[in-house]
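Got the model open in your viewer? Switch to a cartoon view, keep the selection box handy, and follow along stop by stop.

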Amino acid sequence: MFKMSMNEKDAPILVAINGPLKGERWPLDRPLVMGRESGCDVVIPDRQVSRYHARLTPGSKGVVLEDLGSKNGTHYNGNLLSGQVVLQDGDTLQIAVAQEFQFLSSDATMPLDSEPMRGSRLMLDMRARQVWVNQKQMNPPLSAQQFQLLWVLYQNVGKVVTRQELVSAVWGDEQSAGVTDQALDALIRRLRDRLTSIDPDYSYIVTVRGHGMMLENPTTD
């Protein structure tokens, strides 16, 4: 792991979310080679990891992920990687079955006026993409879409957010026209399931029929 300098603070970030490196992070202001070899930029101490397993390369189009001919493969958002892919904010990558990472783009920073609501039953940290439910950290973390949906509601706690506003926030304005009601409902259902799996005694996401969705977030006892 290398240190982050002042000119690296706005670079995209690679965060280790599961595995032996959990909690560590690396700014992606230069190419990073991941593998078992001690000379790699990100050393993963596991025999299932190849000596030089995968590489991340920042460029004008974004950060490119590629497998380096590893024995046990690299997975991208749950799928075996073949060829190269440009990472998007919130994407996950897994090196063999040993280490899981999440990619955070440079604009994935928490606004100064959006600190986690300390003392609330539900707390979010945008910068680290972490969620606490009734004082328990959610693990594994939410998918990128689930987190974005919850983040929009979290920023507007107690207020109704229309379905179209949610679709635009999660899928983006350009793709929102092709998103069906069923797709949004399925995403909301999966998010509710994740929340209730930790705190089954409280319903956080409330449907306001004919208007949209609202987040209720009381203080902890």
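Before we start, one definition: contact here means heavy atoms within 4.5 Å. Also keep in mind that this is a predicted model.

**Stop 1: helix 1 and what it lies on**

Select residues 144-155, which make up helix 1. Helix 1 lies across strand 15, strand 16 and strand 17, and its direction is at about 70 degrees to strand 17. Its 12 residues span 16 Å from the first C-alpha to the last, close to the 16 Å expected at 1.5 Å a residue.

Now show side chains. Which residues of helix 1 are buried? They are Gln146, Phe147, Leu149, Leu150, Trp151, Val152, Leu153 and Tyr154.

**Stop 2: the sheet under the helix**

Add strand 15 (160-162) and strand 16 (205-208) to your selection, along with strand 17 (residues 212-215). Together they form an open, antiparallel sheet in the order 15-17-16. Strand 15 and strand 16 are at the edges with a single partner strand each, so one side of each has no neighbour in the sheet. From one strand to the next, the twist averages 35 degrees.

Zoom in on the pairing of strand 16 with strand 17: the two run antiparallel and are joined by four bridges. Pick isoleucine 205 and look across to strand 17, where leucine 215 stands opposite.

While you're here, select residues 163-171 for helix 2. Helix 2 lies across strand 15 and strand 17, at about 70 degrees to strand 15.

**Stop 3: helix 1 against helix 4**

Keep helix 1 on screen and add helix 4, residues 181-198. The two pack at an angle of about 85 degrees, and their axes are 10 Å apart. Angles of 65 to 115 degrees count as roughly perpendicular, so that is what helix 1 is to helix 4.

To see the contact itself, show Gln145, Gln146, Leu149 and Leu150 on the helix 1 side. On the helix 4 side, show Leu187, Ile188, Arg190, Leu191, Arg194 and Leu195. Colour by residue class and you'll get six nonpolar, two polar and two charged residues. Two of the names may look familiar: Leu149 and Leu150 were also on the list of buried residues in helix 1.

**Stop 4: the five-stranded sheet**

Next, hide the helices and go to another sheet. Five strands form an open sheet here, in the order 4-3-5-6-9, with mixed pairing. Which strands stand at the edges? Strand 4 and strand 9 (84-86) do, and because each has a single partner strand, one side of each is left without a neighbour in the sheet.

Start with strand 3, residues 32-35. In a regular strand, side chains alternate between the two faces of the sheet. Leu32 and Met34 are on one side of strand 3, Val33 and Gly35 are on the other, and all of them are buried, so both faces are covered.

Now check the neighbours of strand 3:

- Strand 5 (residues 54-59) runs antiparallel to strand 3, with three bridges between them; valine 33 stands opposite arginine 55.
- Strand 4 (residues 42-43) pairs with strand 3 in the parallel sense over two bridges; methionine 34 has valine 42 as its bridge partner.

Finish this sheet with strand 6 (residues 62-67), which is joined to strand 9 by three bridges and runs antiparallel to it. Select valine 64 to find its bridge partner in strand 9, valine 86.

**Stop 5: glutamate 100**

Glutamate 100 is in strand 11, residues 99-104. Turn on its contacts: leaving out residues up to four places away in sequence, glutamate 100 touches Val15, Ala16, Ile17, Asn18, Thr92, Leu93 and Gln94. The C-alpha atoms of glutamate 100 and valine 15 are 8.6 Å apart, though 85 residues separate the two along the chain.

**Stop 6: backbone oddities in loops**

Three last clicks. Proline 140 is in the loop between strand 14 (136-137) and helix 1, and the peptide bond leading to it from asparagine 139 is cis, with omega near 5 degrees.

Asparagine 77 is in the loop between strand 7 (74-76) and strand 8 (79-80). Asparagine 77 is not a glycine, yet has a positive phi of about 50 degrees. Is asparagine 77 buried or partly exposed? Partly exposed, with a relative accessible area of 36%.

Glutamine 135, in the loop between strand 13 (130-133) and strand 14, has a positive phi of about 70 degrees, again without being a glycine. Glutamine 135 is exposed, at 59% relative accessible area.

Methods. Residues numbered from 1 in each chain as written. Predicted model: local features only at pLDDT ≥ 70, side-chain atom pairs only at ≥ 80, totals over all residues. Heavy atoms only, no water. Buried < 20%, exposed > 50% of the residue type's maximum accessible area, 1.4 Å probe, protein only. Pairing = 2+ DSSP bridges. Axes fitted to C-alpha atoms, helices over the stretch in contact; angles between N-to-C directions. Parallel < 35°, antiparallel > 145°, perpendicular 65-115°, else oblique. Nonpolar A, V, L, I, M, F, W, Y, C, P; charged D, E, K, R; others polar. Expected span 1.5 Å × (residues − 1).
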